Amino acid sequence: MIGMVKQEIPALGYAYNALEPYIDRETMKIHYTKHHQGYVDKLNAALADHEDLQERSAQYLIKNLDKIPERIREAVRNQGGGHVNHTFFWTVLKKGVKPSGAIAGELKDAFGSFEAFKEEFSRKAASHFGSGWAWLVMDGGRLQVMTTPNQDSPLTLGKVPVMGLDVWEHAYYLKYQNRRPEYIEAFFKVIDWDRVNYYLENAKSRAA
Ligand code: MN3
């Protein structure tokens, strides 16, 4: 018998077709049921002999990789990162929400205008080489655009994600094939800015 299964995939909270036509049903279904579930299963397998770590949240594990035994550190980094990143990603997706509230003003302050922010985010997301993520993070009280390779999380670097985009090919290849910039443009139609405002507020109260 393997150890207790502690990490679980969270409910998606909407239908696989909820983001059509920008993100298609088939991609959402495979992404959630195969890719995300795979990260969860492999994380649980990595933690099977580590009951103390099974008690911890996936976020804790990713924030404290230096405390993870070396033998399973790489697995926790990749599979735990995949779990944490996707759990976050699903929550910032919703059709028809306009950027308003605090985030609208903060993006203008940090980047000059919403368009300038979108341009920087899109450029970095499009030009990131290979698999990874593009992020809007709070870093020491300041908003910043960054990318991470593979399933690395900004949390490991002490930065707090307020918005993020999966740029692994599995996130867009069925519909967009090699046209990552089109996928990024479509993503901007399905960002849940209300949720981003919530993450912004949380990040600010943590930095304060
Ligand atoms: Mn993915």
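Begin with the metal site of this predicted model: in sequence, the donor residues of the manganese ion follow the spacing H-x54-H-x79-D-x3-H. Select the ion together with H31, H86, D166 and H170, which coordinate it. The three histidines bind through NE2 and D166 through OD, at 1.9 to 2.1 Å. Next, keep H31 and H170 on display and colour the chain by secondary structure. H31 belongs to helix α1, whereas H170 sits in the loop between β3 (160–166) and α7 (173–176). This pair links distant parts of the chain, with the two positions 139 residues apart in numbering.

**The two domains**

Now colour residues 25–91 as domain 1 and residues 102–207 as domain 2. Their C-alpha centres are 20 Å apart. Select the residues in contact across the boundary: 20 come from domain 1 and 25 from domain 2.

The size of an interface is often expressed as the accessible area lost when the parts come together. Here, the area buried between domain 1 and domain 2 is about 1,800 Å², and carbon and sulfur atoms give 60% of that area. Select N85, F88 and F89 next; these residues supply 34% of the area that domain 1 buries against domain 2, more than any other three residues.

**Polar links across the interface**

Display the polar contacts between the domains: 9 residue pairs of domain 1 and domain 2 are in polar contact. Then hide domain 2 and inspect the side of domain 1 that touches it. Helices α1 (25–46), α3 (58–63) and α4 (70–91) each supply at least two residues to this side. The most comes from α4, with 10 residues. By class, this side of domain 1 has 7 nonpolar, 10 polar and 3 charged residues.

**R77 and its partners**

How many salt bridges cross the interface of domain 1 and domain 2? The rule finds 1. Restore domain 2 and select R77 and D152, whose side chains meet in a salt bridge at 2.8 Å, N to O. Keep R77 selected and add E74. These two residues also form a salt bridge, with the closest N and O atoms 3.9 Å apart. Both R77 and E74 lie in helix α4, 3 residues apart, or about one turn of the helix. To extend the view to the whole structure, display every salt bridge; the structure holds 9.

**Two backbone features**

The last stops concern the backbone. Most residues other than glycine have a negative phi, and most peptide bonds are trans.

Select E20 and P21. The peptide bond joining E20 and P21 is cis, with omega about 0°. P21 is found in the segment before α1.

Finally, move to N150, in the loop between β2 (142–149) and β3. Which sign does the phi of N150 have, positive or negative? The value is positive, near 55°, in a residue other than glycine.

Methods. Residues numbered from 1 in each chain as written. Predicted model: local features only at pLDDT ≥ 70, side-chain atom pairs only at ≥ 80, totals over all residues. Heavy atoms only, no water. Domains from an automatic or database assignment. Contact = heavy atoms within 4.5 Å. Buried area = accessible area lost by both parts, 1.4 Å probe. Salt bridge = Lys/Arg side-chain N within 4 Å of Asp/Glu carboxyl O. Polar contact = N/O pair within 3.5 Å; in protein donor to acceptor, adjacent residues only side chain to side chain. Helix = DSSP H or I, 4+ residues; strand = E, 2+ residues; numbered from the N terminus. Nonpolar A, V, L, I, M, F, W, Y, C, P; charged D, E, K, R; others polar. Donors = N, O, S within 2.8 Å, 3.2 Å for Na, K, Ca; no water.
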